[in-house]
Each structure stands twice: as structure tokens, then as C-alpha cells.
2 protein chains.
Amino acid sequence: MQIDTFQTLADPSRRRIVEALCNGERQVGDIVERAGIHQSGVSRHLRILHETGFVSVRPEGQRRFYSLRPEPFRELDDWLAKYRGLWEARLDRFGAALEKQRKHRRPAHKDQRK
Amino acid sequence: MQIDTFQTLADPSRRRIVEALCNGERQVGDIVERAGIHQSGVSRHLRILHETGFVSVRPEGQRRFYSLRPEPFRELDDWLAKYRGLWEARLDRFGAALEKQRKHRRPAHKDQRK
DNA sequence: GACTAATATGCATATACATGCATATATATA
DNA sequence: TATATATATGCATGTATATGCATATTAGTC
């Protein structure tokens, strides 16, 4: 279920943990330094992230290496697809793909009219 | 700030409201039917969605028509871009755009290995 | 076995927040 | 003005959950 994907990402500490993992697997102690909360909290968040499919674990002796799994992100992407029309409506699909490609190549669309 | 975009979407009632708006503007009473909660709750959720930039309002007499704004969805898309590598790593960027195009044309990728 | 290091968990607490009810506000209509 | 309709808000309540502390657990080292 994609149901609680948003719920999981709603917590800022959890997002920081996810971000800490975006460049590959890390052990818990490593994550604690970046999470800004107590080790016990990180451990609990990692449990939640594991239960919701965001991370997988690779035990190695006393350490546990956590890494991101693609599924929930893909789910998020699928959910979002429903709303892509909101900002790509005027483009046909091929054009939209090209537009997206341009955007990803140069991330120069930070400041949009708010 | 994209900070509380996830927080906003974490609530299922709010997601139902967003979904109810995905085909264009609706007045509150219309939304209430689909939200599964009391009108007062819908009203409050709409306030939150407005504060976080998800919706805009168009008053018309005693009614208020709400509709989706693209910005938060775009923010979500930008956030997600950081993690696209998780499931598109093996493709170069042009290939990724094509792949994405294929996926959007035929949404036939529901059942993936879990 | 004693000791240390890495990670997880029970407990207590504080806080956030979603909800319904009753009511307020605003607009239309008679 | 009186009344009805549409939407918003104050209040009270229940529930979820993030956090730290202390401790348990597991594994490595002497």
C-alpha cells in the first residue's frame, strides 16, 4: 500500500535520515550524526522506514547497514503522475518528456512565481 | 518552503480532498460528499491546504470554489528527482526521459517485483 | 568470562492534530 | 426583516507519535 508513504515522509527527522542514505548504505551511528536526534530515536525511525519499505538492512557483525529501496519512491512518482497535468497540461506527452529532460539536465527552475 | 508538503499530504482525508479536486474546481459541499468526514472538518482541511499552497479559492456569492495549485506538486517532483537514480540508475538521461514517456503512455507497470 | 561497542526497546512524557458538535458569519431570497 | 443556505470557527476530546532516558540485546575483544 502506498497509503502511509506520505505519513512516513511527514516527519522531518525521517526525511533527514532518508537524505543521509541517498548516496548509499550507512551504518546507524553514521546516520545519528546527521539526524540531530538521539540514537534511540534514529533506531526507531529506521524501524519505521523498514516497515514501510523505505530501507533494507544488511547486518555485518554488530553493525547494521541501511540503504534505500526504490519502491516507495516509485509509488510516490506514480501518485504524482496523476497531477502532472497541473503544470504540463499545455504540452503534449512527447513535449512533456522533452521538457522534463531539459529540467533535469539544468536544474535552473528554482525560483518560480509564487 | 517545501518543508510541510509531506505533512500536508500525510492525512488521508486531505489526500481525498486533493483527489476530489484533481479534475477541476469544486465547491465545499461537493467535496464533503467525497471526503467522508464532517463539513467542519473539510473546511478546516481546506484552510490547511490553502495555507500550504495546495489550493486557491474563488468566492462566488455564498459558495467558495477550491482548485489545485501546481506549485507544491512541482516541489514534490523536485524533491523526488534526487531519488530518481534509485530506479533509473542504469539509464542515461535521454533514455530515462524516453522510459518515463513510455510509462506514462501505458500505465502497465502496476505489478513490480516487491 | 569480563568488558566494550553498536543497535534496539520499554517506559514516561509532551505535543500535535483530526474530529464532531454547536455556533458564528456571510450571502441569498422571500 | 425574517429565513434559509453555504462555509468557517471555538471548544472539548481522543488518539497518535516523536523524543530522551535507562536498559536490554547482540557481537566483538581481551
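**Close-up views of the protein around DNA strands C and D**

Of the atoms of DNA strand C that lie within 4 Å of the protein, 61% are sugar or phosphate atoms and the remainder belong to bases. The model is predicted, so that local features need pLDDT of at least 70 and side-chain atom pairs count only at pLDDT 80 or more, whereas totals for chains, interfaces and linings use all residues. Residues are numbered from 1 along each chain as its sequence is written, chains are lettered from A and ligands numbered from 1 in the order in which they are written, and side-chain values use heavy atoms, with hydrogens and water left out.

**View 1. Residues around DNA strand C.** DNA strand C is surrounded by 23 residues, of which A:S40, A:S43, A:Y66, B:S13 and B:H45 come nearest; a residue is near a strand if one of its heavy atoms lies within 4 Å of it. Four of the residues of this surface are nonpolar, twelve are polar and seven are charged, where Ala, Val, Leu, Ile, Met, Phe, Trp, Tyr, Cys and Pro count as nonpolar, Asp, Glu, Lys and Arg as charged, and the others, Gly among them, as polar.

**View 2. Individual atom pairs at DNA strand C.** A phosphate oxygen of DNA strand C lies 2.9 Å from a backbone N or O atom of A:G29, and a phosphate oxygen of the strand is 3.2 Å from a side-chain N or O atom of B:R14. At a base nitrogen of DNA strand C, an N or O atom in the side chain of A:Q62 is 3.0 Å away. Two or more residues of the surface near DNA strand C come from each of α3 (28-35), α4 and β3 (63-68) of chain A and from α2 (12-20) and α4 of chain B, the elements being DSSP runs numbered from the N terminus (helices H or I, at least four residues; strands E, at least two). The largest share, five residues, is that of α4(A).

**View 3. Residues around DNA strand D.** Among the 23 residues that surround DNA strand D, the closest are A:H45, B:S40, B:S43, B:Q62 and B:Y66. Sugar and phosphate make up 61% of the atoms of DNA strand D that come within 4 Å of the protein.

**View 4. Individual atom pairs at DNA strand D.** The side chain of A:S13 places an N or O atom 2.8 Å from a phosphate oxygen of DNA strand D, while a polar side-chain atom of B:R44 lies 3.1 Å from a base oxygen of the strand. In the surface near DNA strand D, α4(B) has the largest share, with five residues.

Methods:
A polar contact is a pair of N or O atoms within 3.5 Å; within protein, one must be able to donate a hydrogen and the other to accept it, and residues adjacent in sequence count only if both atoms are side-chain atoms.
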